[in-house]
Amino acid sequence: MSDHENLIVDIAEWVDRVSADPVAHLERQATEVLLTALGKTPSIGDRIYLKGGILMGVVYRSIRSTSDIDFTTDLQPDAALPALIRQELNEAFPRASADIGYPDLMCNVQTLKVRPGSAGLLVAMFPALEIKVGYALRGTPQEKRFLAGKSVDVLSVDISFNEPIGAIQLIRLNADTDASINAYSLNDIISEKIRALLQQVIRNRNRRQDVYDLDLLISRFEFSDQEKVELLSVLLAKCHARGIVPDRLSLENPEISERARAEWRSLALEIGQLPDFDDCFLKIDSFYKSLPWD
């Protein structure tokens, strides 16, 4: 894993993008509390890395809406880890809420499950933790349910294990504070999303969101020859870990584009006007083929 890259974002701006919607606004405030709390727990926070749609929204300003919060960790999947994560987060939540100006926003780990099954962390090849973080404002009708551990408002958090990681970047959540989290590098984001497209056939899933995200990233950034070498190395590692052996023509498999296209129009509910799917996929395929496969 390479050294940290440092990046400063304005998470408050991401939170306030949905200020016209009180429900979505409170959910994003709770997400900010969660990320800040994780940054305040170095025993686990230094080894848990943000990825997925929240990273795309906060760091890369994607307008695609998502409420799920996805992480990867290089912590060992020990049987004692779930209890440690619950304890560390619950202790950090009040401090995080106060520090970022939401003193009346309460958060607490409501449920924490191992996937798959109770022994999954020890025996599964790619186990994960599925966490529900309840949240509520003090003095509201939701407070009573929150205190009983039955909050109706929850953040869905997924922490996966044993994922190859090429590099991480340190994300400062605000220029005026030292609140920070670790996150996937750009190469890791792109590699994992390409891997997800290739994996559609194996897992019988449709991944239209990855086409949108990849088009956004590839359009926004330029890659040197050396950066493409590094990206391909990460991509191959992520693919091989899941039993996928890609080559330069892998995205030409028509089932991959058909599956990604299947639910493409549903993205309009999240982002409004859709780009043309064929244009996006062609751009991704051209970029993919431009990697140094030889």
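**Exercise 1.** Does Tyr-60 count as buried or exposed, and at what relative accessibility?

*Solution.* The structure is a predicted model, in which local features need pLDDT of at least 70, side-chain atom pairs count only at pLDDT 80 or more, and totals for chains, interfaces and linings use all residues. Residues are numbered from 1 along each chain as its sequence is written, and side-chain values use heavy atoms, with hydrogens and water left out.

Step 1. Take the cut-offs: buried is under 20% relative accessible area, exposed is over 50%, and partly exposed is in between (1.4 Å probe, protein chains only).
Step 2. Tyr-60 has 5% relative accessibility, so Tyr-60 counts as buried.

**Exercise 2.** Classify the aromatic pair of Tyr-60 and Phe-221.

*Solution.* Step 1. Rings of Phe, Tyr and Trp (its six-membered ring) pair if their centres lie within 6.5 Å; planes under 30 degrees apart are stacked, over 60 edge-to-face, and the rest tilted. By this rule there are five aromatic pairs.
Step 2. The ring centres of Tyr-60 and Phe-221 are 5.8 Å apart and the planes stand at 85°, so this pair is edge-to-face.
Step 3. Tyr-60 belongs to helix α4 and Phe-221 to the loop between α9 and α10 (225–241), 161 residues apart, so to speak of distant parts of the chain being linked is correct.
Step 4. Phe-221, at 29% relative accessibility, counts as partly exposed.**Exercise 3.** Check the length of helix α9 (residues 208–220) against its expected span.

*Solution.* Step 1. Helices (H or I, at least four residues) and strands (E, at least two) are DSSP runs, numbered from the N terminus. The expected span of a helix is 1.5 Å times one less than its number of residues.
Step 2. For the 13 residues of α9 this gives 18 Å; the end C-alpha atoms lie 19 Å apart, which agrees.
Step 3. Eleven of the 13 residues are buried, among them Tyr-212 and Leu-216.
Step 4. The elements that cover these buried residues include α4 (52–60) and α8 (186–203), where contact means heavy atoms within 4.5 Å.

**Exercise 4.** Which two asparagines have a positive phi, Asn-162 and Asn-204 being the candidates, and how accessible is each?

*Solution.* Step 1. Phi of Asn-162 is near 65°, and this residue sits in the loop between β6 (154–161) and β7 (168–172).
Step 2. Phi of Asn-204 is about 55°, and its place is the loop between α8 and α9.
Step 3. Asn-162 has 37% relative accessibility and therefore counts as partly exposed, whereas Asn-204, at 57%, counts as exposed.
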